[in-house]
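Please look over the sequence and the model below before reading on. The paragraphs that follow go from the whole chain to particular helices and then to single residues.

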Amino acid sequence: MSVSRTISRLDLNLLTTALLIAAIGCLLVYSATYFGPDAPLFRKQVMWTLIGIALMVVFIAVDYHVLMEIAPFLYAVGILLLAYLLASDRLTRNVKSWIHIGGFQFQPSEFMKIFTALLIAKYFDSNDRAYLDFRSFAVVMGMIGFPVVLIALQPAFGSAASFFPLFGVAMFFGGIKPKLWLIATLCFLVALPVGWHFLKPFQKERIMIFMNPARDPLGSGYQVTQAKIATGSGGITGKGFLHGTQVNLEYLPARHTDFIFSVLGEEWGFAGVSVVLTLYLFLIVESLSVAKASRDRGGTFLVLSLICFFIFHILINVSMQIGLLPVTGIPLPLISYGGSATMMFFLAIGLILNVGFRRFVNV
């Protein structure tokens, strides 16, 4: 097949939107770090983005059916890496989430999201029942639950919670009746008070600060307070690129990672925030059209799972910065600084484009 014909069959709207969001992310990382000792992080983010794009191209080129076939192997590798982290003694930011190799570090939990989605997509692709029986449904829940438990033990509850979209999509594909959805929701609500006793002190403190930010305004509540100030101070048009006072005066912690949305709000204002959220919305709508046009059940499940990852991360990240949810280590897709998350989201885009590209039988 000619290159021009191949390109014409790709969803260029989806691809262009993803690249534009990533470019905005690099600009915001530069703005958040250019003036201090973190200045080299911009170059690293550009490097992660380029690596992510290269991986995206690979995941477009290789038929997603082939990737689903090797999913058990990828899943097993991911489980081994998560088990290795638990066996190690090295803590980074209070958790055992990063594997350090030389001067680099990466989070296996981010890639495990892709591997798990591929594995369950393979399972659904080979099972054409409209409703899964209890045994089959338990198998699917076990596939998701195993890595979730290992990640929660790190303890990285934010990363573990980011697997919840897989639970939801799997329940939808499994034909779960509304009554069982209600039972599952009630069980979750009942388990919340029990789960409180298993949280680490710093995790309990985050929840307490969420309930009452004024409880420790110069300590645990400082980050949320400054994020609200930065986001709200941008007004309609923002203070201008590189002119955010909360950012330049270093009042806003974690401004290039989890709280980069506040940098966007301060420097680009409501207008900039609206543009970025519209780009995300367009990305989601385009992905849903890919899921609808997929030629098999596995492809549809895969795309829905991946786009739900995007939706979950966007909602959680934005909500925690305006005080609607407790602070968690959930990055803003393709915008927050970070190698593992950036590569994971580009892999997801590659797989979505892959499914859309192969809706044609003769490719």
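A residue is called buried when its relative accessible area is under 20%, exposed when that area is over 50%, and partly exposed in between, with a 1.4 Å probe and protein chains only. The model is a predicted one, in which local features need pLDDT of at least 70 and side-chain atom pairs count only at pLDDT 80 or more, while totals for chains, interfaces and linings use all residues. Residues are numbered from 1 along each chain as its sequence is written, and side-chain values use heavy atoms, with hydrogens and water left out.

The protein chain has 363 residues, of which 50% count as buried. It holds 16 helices and two strands. Both kinds of element are DSSP runs numbered from the N terminus: helices are H or I runs of at least four residues, and strands are E runs of at least two. A contact means heavy atoms within 4.5 Å. Of the contacts in the chain between residues at least 6 apart in sequence, 74% join residues at least 24 apart.

Helix 16 is a suitable place to start. It covers residues 339–357, and at 1.5 Å a residue its 19 residues should span 27 Å, which agrees with the 27 Å between its end C-alpha atoms. The expected span is taken as 1.5 Å times one less than the number of residues. Of the 19 residues of helix 16, 19 are buried, so the helix is largely enclosed by the rest of the structure.

One partner of helix 16 is helix 6, residues 108–125; the two axes come within 8 Å and cross at roughly 25°. Axes here are lines fitted to C-alpha atoms, for helices over the stretch in contact, and angles run from 0 to 180 degrees between N-to-C directions. Helix 6 and helix 16 are therefore roughly parallel to each other. Angles under 35 degrees count as roughly parallel, over 145 as roughly antiparallel, 65 to 115 as roughly perpendicular, and the rest as oblique. Helix 6 contributes Glu-110, Phe-111, Lys-113, Ile-114 and Leu-118 to the contact, and helix 16 contributes Ser-340, Ala-341, Met-343, Met-344, Leu-347, Ala-348 and Leu-351. These residues divide into nine nonpolar, one polar and two charged. In this division Ala, Val, Leu, Ile, Met, Phe, Trp, Tyr, Cys and Pro count as nonpolar, Asp, Glu, Lys and Arg as charged, and the others, Gly among them, as polar.

What does Met-343 of helix 16 touch, leaving aside its neighbours within four places in sequence? Met-343 is in contact with Trp-48, Ile-51, Gly-52, Leu-55 and Phe-111. With 11% relative accessibility, Met-343 counts as buried. Met-343 and Ile-51 are 292 residues apart in sequence, yet their C-alpha atoms are 7.0 Å apart in space.

Gln-45 belongs to helix 3, residues 40–61. Its relative accessible area is 1%, so Gln-45 is buried. Apart from neighbours within four places in sequence, Gln-45 is in contact with Cys-26, Val-29, Ile-335, Ser-336, Tyr-337, Gly-338 and Thr-342. From Gln-45 to Tyr-337 the C-alpha distance is 6.1 Å, with their places 292 residues apart in sequence.

Leu-334 is found in the loop between helix 15 (297–321) and helix 16. Its phi is near 65°, a positive value in a residue other than glycine. At 3% relative accessibility, Leu-334 counts as buried. Leu-242, in the loop between helix 12 (222–233) and helix 13 (245–248), has a phi near 75°, again positive in a residue other than glycine. Leu-242 is partly exposed, with a relative accessible area of 23%.

A second helix pair consists of helix 2 (residues 12–33) and helix 14 (residues 260–293), which pack at an angle of about 160° with their axes 10 Å apart. That angle makes helix 2 roughly antiparallel to helix 14. The residues of this contact divide into 18 nonpolar, five polar and two charged. Thr-17 has its place in helix 2 and, at 6% relative accessibility, counts as buried. Leaving aside neighbours within four places in sequence, Thr-17 is in contact with Leu-279, Phe-282 and Leu-283.
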